[in-house]
Amino acid sequence: MVQTLTVLGLESSCDDTAAAVVRQTDGAGAEVLSSIVHGQTELHSAFGGVVPEIAARAHAEKLDTCVVQALAAAGLTLADMDAIAVTAGPGLIGGVMSGVMCAKGLCAATGLPLVGVNHLAGHALTPRLTDGIAFPYLMLLVSGGHCQYLIAQGPEQFTRLGGTIDDAPGEAFDKTARLLGLPQPGGPSVEAEARSGDPKRFRFPRPLLDRPGCDLSFSGLKTALMRMRDQIVAEKGGLTRQDRADLCAGFQQAIVDTLAEKTRRAMDLYLEENPADPVIAVAGGVAANTAIRAALETVCAEKGARFTAPPLALCTDNAAMIAYAGLERFRTGARDGLDLTARPRWPLDQTSPAMLGSGKKGAKA
């Protein structure tokens with residue numbers, strides 16, 4: 001019997017408040033019926049980064065509005081939903097709790113099933129939402145808070161090949177933008193400056209390329225840029241526009257080269273599984289960087305694999321990916337009770353050792 005599922009998704013893990021409706025019929029591709037995102041850039045712009053308390057309050061104020069708008073844009077009501085999916089972690093705990101409590105309230109009022117979703121799984125499953133690719137595929141999740149290579153083998157089955165042991169690329173871009181007086185978010189600002197810069201003028205390190213494996217580190221790269229900036233300021237009394245562009249270009253090229261080489265290594269490990277149709281997918285906000293995309297496409301061509309990346313609107317945080325990830329869980333029979341817990345930490349690969357250590361709240365990554 002052919003089954004059609006329609007799921008409402010909620011996302012509030014960082015600084016984007018989002019709601020979306022996704023529908024899928026057995027044997028067919030998924031369809032995003034609506035996707036509403038309210039950003040918080042203006043709220044945090046004066047602080048140089050996301051302020052958790054401000055973010056949590058904004059989520060609490062906007063979530064119900066997002067739900068109303070998403071349902072209206074889809075032309076549906078809560079009565080038309082089969083389930084409600086919500087990001088239950090990882091993320092800023094105040095924001096995650098806002099979303100989880102909103103979803104619990106909706107489920108308690110309507111009797112709809114509740115499905116908690118790992119935010120990282122939302123990103124990792126997005127290529128199935130947009131392109132319908134089959135398991136297993138190689139996933140590079142690269143964003144402000146996370147960067148890891150995963151082999152996606154099922155809706156809740158992921159094998160981590162490597163990841164950042166300190167700053168993620170997006171975090172490094174943001175910190176670099178602050179060091180150079182560029183606006184946030186840092187990724188687009190640094191990329192725009194790099195277009196007019198010379199990537200060869202300043203030589204930055206390519207972290208961990210001298211070690212085997214797929215782990216990454218970008219904290220030292222950011223520090224190297226700060227020292228180079230300070231050296232130029234000491235010599236000249238300040239930075240020219242060209243100095244700043246060249247610093248951005250060199251910094252970005254170091255990240256591009258590092259990700260390209262680590263992707264080659266991850267691809268070799270993935271190809272050992274002999275996938276029938278080898279695919280590497282990239283998602284997360286940093287996936288919007290055109291230089292990084294071009295480098296990854298080159299690696300795919302070298303390895304004879306297909307490259308795919310979601311459209312920009314689905315690379316950054318959104319609720320469509322949460323609705324779809326929830327739909328995949330729901331289809332396998334997964335359900336969560338009203339005791340669903342918001343989790344600040346929630347590694348996708350539950351079997352690999354924690355990369356950043358563990359604490360009372362669990363493994364960090």
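Look at strand 9 and which way its side chains go: Val279, Ala281 and Ala283 point to one side, Ile280 and Val282 to the other, and all of them are buried. That fits the strand as a whole, residues 279-283, where 5 of 5 residues are buried. Keep in mind that this is a predicted model.

Now for the neighbours of strand 9. Strand 6 (residues 137-142) runs parallel to strand 9 and is joined to it by 4 bridges; here Leu141 stands opposite Ala283. Strand 10 (residues 306-308) also runs parallel to strand 9, with 3 bridges between them. In that pairing, Ile280 sits opposite Phe307. To get from strand 9 to strand 10, the chain passes through helix 9 (residues 290-303), making a right-handed β-α-β crossover.

Next, move to the open sheet of 5 strands, ordered 3-2-1-4-5 with mixed pairing. Strand 3 and strand 5 (114-118) are the edges: each has a single partner strand, so one side of each has no neighbour in the sheet. From one strand to the next, the twist averages 20 degrees. Zoom in on strands 2 and 3 and you'll find an antiparallel pair held by 8 bridges, with Thr17 in strand 2 opposite His38 in strand 3.

Two helices are worth tracing over these strands. Helix 11 (residues 320-331) lies across strands 1, 2, 3, 4 and 5, and runs at about 45 degrees to strand 2. Helix 2 lies across strands 1, 2 and 3, at about 30 degrees to strand 2.

Stay with helix 2 for a moment. It covers residues 52-74, and at 1.5 Å a residue its 23 residues should span 33 Å; the end C-alpha atoms are 31 Å apart, which agrees. There is a bend in helix 2, though, of about 40 degrees at Lys62.

Which residues of helix 2 are buried? Going along the helix, they are Ala55, Ala56, Ala58, His59, Leu63, Cys66, Val67, Ala70, Leu71 and Ala74. The cover over these buried residues includes strand 1 (4-11), strand 2 (16-25) and strand 3 (31-39), along with helix 1 (41-44) and helix 3 (93-110). Just after helix 2 comes Gly75, with a positive phi near 70 degrees.

Methods: Residues numbered from 1 in each chain as written. Predicted model: local features only at pLDDT ≥ 70, side-chain atom pairs only at ≥ 80, totals over all residues. Heavy atoms only, no water. Buried < 20%, exposed > 50% of the residue type's maximum accessible area, 1.4 Å probe, protein only. Pairing = 2+ DSSP bridges. Right-handed = clockwise from strand over helix to strand, strands pointing away. Expected span 1.5 Å × (residues − 1). Bend = angle between axes of the 7 residues up to and from the residue. Contact = heavy atoms within 4.5 Å. Axes fitted to C-alpha atoms, helices over the stretch in contact; angles between N-to-C directions.
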